[in-house]
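Visitor: Could you take me through one part of this protein up close? I'd like to see a helix-on-helix packing, and then whatever else helps me place it.

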Amino acid sequence: MSEQAYHYQAEVLEYIQQGHNLMIQAPTGAGKTRAALNPGLLGIRDHPNDFPPRILYGVPMRVLARSFIEEYGKTAREKHWPPELYPTIQTGEQPDDPLFEGRVIFATVDQMLASFLNIPYGLPTRLDNINAGALIGAYLVFDEFHLYPQSEMMLTVLAMLKMLQGISRFIMMSATFSPVFLNEIARVLGAEVIADEPGIRLDLGRFADIARLRTRERTFYAADGALTPQAVLDRIGDANRAICICNTVDRAQALYRGLRDTPGVECRLLHSRFYRQDRREIENWALERFKQRDGSKAILVATQVIEVGLDISSEVMLTECAPAASLIQRAGRCARNVGETGQVHVFQPYDEEGQVNYAPYIDKEEGKEAICHKTWNALASPEFNGQVMGFSEEQQLVKIAHSEADAEFASGLGQRIDGRIEEITRCMSDRDPGWPDALIRKQSTVPMYIHEAPNQDDLLTTKPWRREPFSLSKGQLARLMEQPDESEADFTLQSGTERTLDVLDAPGMRFVTEWQPLREAGDVYRSWQFAAHPLAVSYTPETGLELRPGLIPAPPSPEVKERPWDRLAYRAERYHEHIAGLWWAYTIPLQEEKRFLLPLRTELIYPLHRLCEKYGLDAESGERIMRLALALHDVGKLNEPWQAWCRAWQLCYAQSDYPPTLPINDPYPLAHTDYDSGDPNQRELQRVFKHPPRGNHAVEGAEACVPLIREAIPDDECWQWVALGAMMRHHTPDAKDCGEFHLIPGAYPTIHRAMRLCQLDGMQAYLVQESFKRSGCDVTDAADSIKPSRNEFSLALVYLLFARILRLADQRSGRYLARYDQDIRHYLDSLESEVQA
């Protein structure tokens, strides 16, 4: 955070400190990541009350997130950063921070958008409303913006930023914005632009002080013919490090097979169809091998997975033609460092029929195929072919290839953003699983596992996500089905269908997956998850997955680590102890083995103030409402049926030779019972446990507290609705109806304790309703008011922030009780005399 900055990095810091949002266009290798991170880190450290509490750094590819977490994790350790600034990562491959609890998070943009849309990837649907609040009031960085699918991800990012204008801060970065694109986005979002004027020489622009840019040199060539093994060997000459990039996995595998036995050359293959452990080993090989300067030769054959992320440098690059913006990113892996020179040979991509085929860049809506043609025609012209390409020349190539498509996208951008906001609010409301295709990325791929008997595998039938799948298109799977059956497998593919279970019959489970063999290729298009027989496909750590039989059976899909919510585990807690745990989570930090958790109040205050400033709300009332929600969210558990069930279960638990956490005759109401869903014996015990159901509690608690909330925040319906919304939806994001409620005898002192724990007037506890048959209009009004629409989503954003804080506090309560048990008990004892009085 204190190293000497380049001129433009200092400029970025100054703009951010002045409160501006930014669009940055800088060459590959110019240090854009540091330029974006440094203001955020300094803001958190030096101005904690006036700067967003979290940095969310979004990238379009998981390999880039992994590269950043390794680089900045190492920096944090070596520079002794404060524990709360140690970075975390959240991608589909490495879901280490699924609830966005870190303060510096590297994530795929897919994960960020899905969270904001209330359809977070990798989380159960009951947690759909927990992550959106992490983006509200955050410092958001969107890197390599040109790689985002325009009609889906890119437009959704722009619409989200407009929704969060004045609330969250943002930076958008790329090396390859076209001028029309850059300026129109900046205009629509009110952002400042940091970029050189088109055509300005590097040594005369704002990046002139970056030595690696001034001294490196790349020469581009438009190559005749296809990218074949012989074409590679003819062009690498005396070079020791070469990279070959194909546009498809199949062609990369074929090229690798033709090169791997070349004498005196060490060759590796990298693409998206490796198991993650094998892929990481190949990436690590590349990172180490391409640093060596011992005269030995190495070739990495890859697909576009290495366009960003891998910090390696080759002397020669041979690549199939792609859109100019992507091509320049690829070239960033050639002559990357100070004083290096390199050659970039670009080939037309030929398919098996000998035709030029730009797949996967064939999206007609975004004009990608036309962009590829323009890129190739420009490269083949004297202006570029055989010429050294500096930053200004790269920008000229982007302008030639992309300007027409970008101008079309930018035309009427404001109206398109408004239309996308409407779609975002509809997605937030109905959370239909089809929305990601339209708003994030066209899901052209589906999961495929490998297993010889999926119906006999406990994970594939109960928790398929606990095995690592490959992502393949349905077209690829259909072609697999059409191949002649040359294996001894009794099936090629099976499809998995979910069957919902009665929760009372299977506690802790919601569905099972049943697998059925496919009979013909057309069946593929009616399914969404698949399992291939190990004899029908092949896999080796050297070449990855191939959709044809191999010499030996493919290994089954490996297990992935258990997620926290895969195993429900509680210990019995008294109601007031549970609230004490929430209060400590709200006000006290917690150092865990692998993570430092800041007080949740720290996460709340900055976005709360920004929301209140924008929408004319009172922040002091908002913070008090947050404390009310913490104290009262579980009042529904003080319902007579709920407590009766808890007592009966604890007795059954103890009689089954499990040691209960609390005495069976403990006089205090319970918030949780003893139960561990990871213990099959306890699952069976709950299955056979016979007692009238306890019912739900979240909406019941909100309804019971309506008179108290009205009294606590009089004449402010907005805050009342937010409080009721957060309380009624602190377990499921759709809850709105409730059942009958009868407050247990002696409940008021318990509620009094809870309110005093959260520094509220405990005497108001006696306003809680004693009984009712059904919910009233206040709860219904709250549900309607926090539902977002195109023209009104202010309360929805406030509610999502409050729901996040409440749900995280609720989750962390047990961890705080375990860590600070004695301190919390002393705190409780200090309040007891007041409650008794």
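Guide: Here's a close look at one helix pair, followed by some strands, one arginine and the overall fold. Keep in mind that this is a predicted model.

Let's start with the pair. Helix α18 spans residues 575-587 and helix α28 spans residues 794-819, and their axes come within 7 Å of each other. The two axes cross at roughly 110°, so α18 sits roughly perpendicular to α28.

Now for who touches whom. On the α18 side, the contact is made by E577, H578, G581, L582, W584, A585 and Y586. Facing them from α28 are I805, L806, A809, D810, R812, S813, Y816 and L817. Sort the residues of this contact by character and you get nine nonpolar, three polar and three charged. Among the residues that meet here are W584 and Y586 from α18, along with Y816 from α28.

Next, the strands. β15 (residues 445-450) is a good one to click on, as it pairs with β16 and also with β19. With β16 (residues 470-473), β15 runs antiparallel, and four bridges join the two. One spot to look for there is P447, whose bridge partner in β16 is S471. With β19 (residues 530-532), the pairing is in the parallel sense, over three bridges. There you'll find M448 standing opposite F530 of β19. While you're looking at strands, remember that in a regular strand the side chains alternate between the two faces of the sheet.

Then there's an arginine to visit. R66 is found in helix α3, which covers residues 62-78. R66 has a relative accessible area of 7%, under the 20% cut-off, so it counts as buried. Setting aside its neighbours within four places in sequence, R66 is in contact with I89, Q94, R280, E283 and N284. That list includes an arginine, R280, and a glutamate, E283.

Finally, zoom out. The protein has 29 helices and 29 strands. Its radius of gyration is 29 Å, close to the 28 Å that the globule rule gives for 837 residues, so the protein is as compact as a globular protein of that length. Taken along the principal axes, its C-alpha atoms fill a box of roughly 90 × 65 × 50 Å. Of the 837 residues, 60% count as buried. As for the contacts with a separation of 6 or more, 75% come from residues 24 or more positions apart. The α18 and α28 contact we began with joins residues 575-587 to residues 794-819.

Methods
Residues numbered from 1 in each chain as written. Predicted model: local features only at pLDDT ≥ 70, side-chain atom pairs only at ≥ 80, totals over all residues. Heavy atoms only, no water. Axes fitted to C-alpha atoms, helices over the stretch in contact; angles between N-to-C directions. Parallel < 35°, antiparallel > 145°, perpendicular 65-115°, else oblique. Contact = heavy atoms within 4.5 Å. Nonpolar A, V, L, I, M, F, W, Y, C, P; charged D, E, K, R; others polar. Pairing = 2+ DSSP bridges. Rg over C-alpha atoms; globule rule 2.2 N^0.38 Å. Buried < 20%, exposed > 50% of the residue type's maximum accessible area, 1.4 Å probe, protein only.
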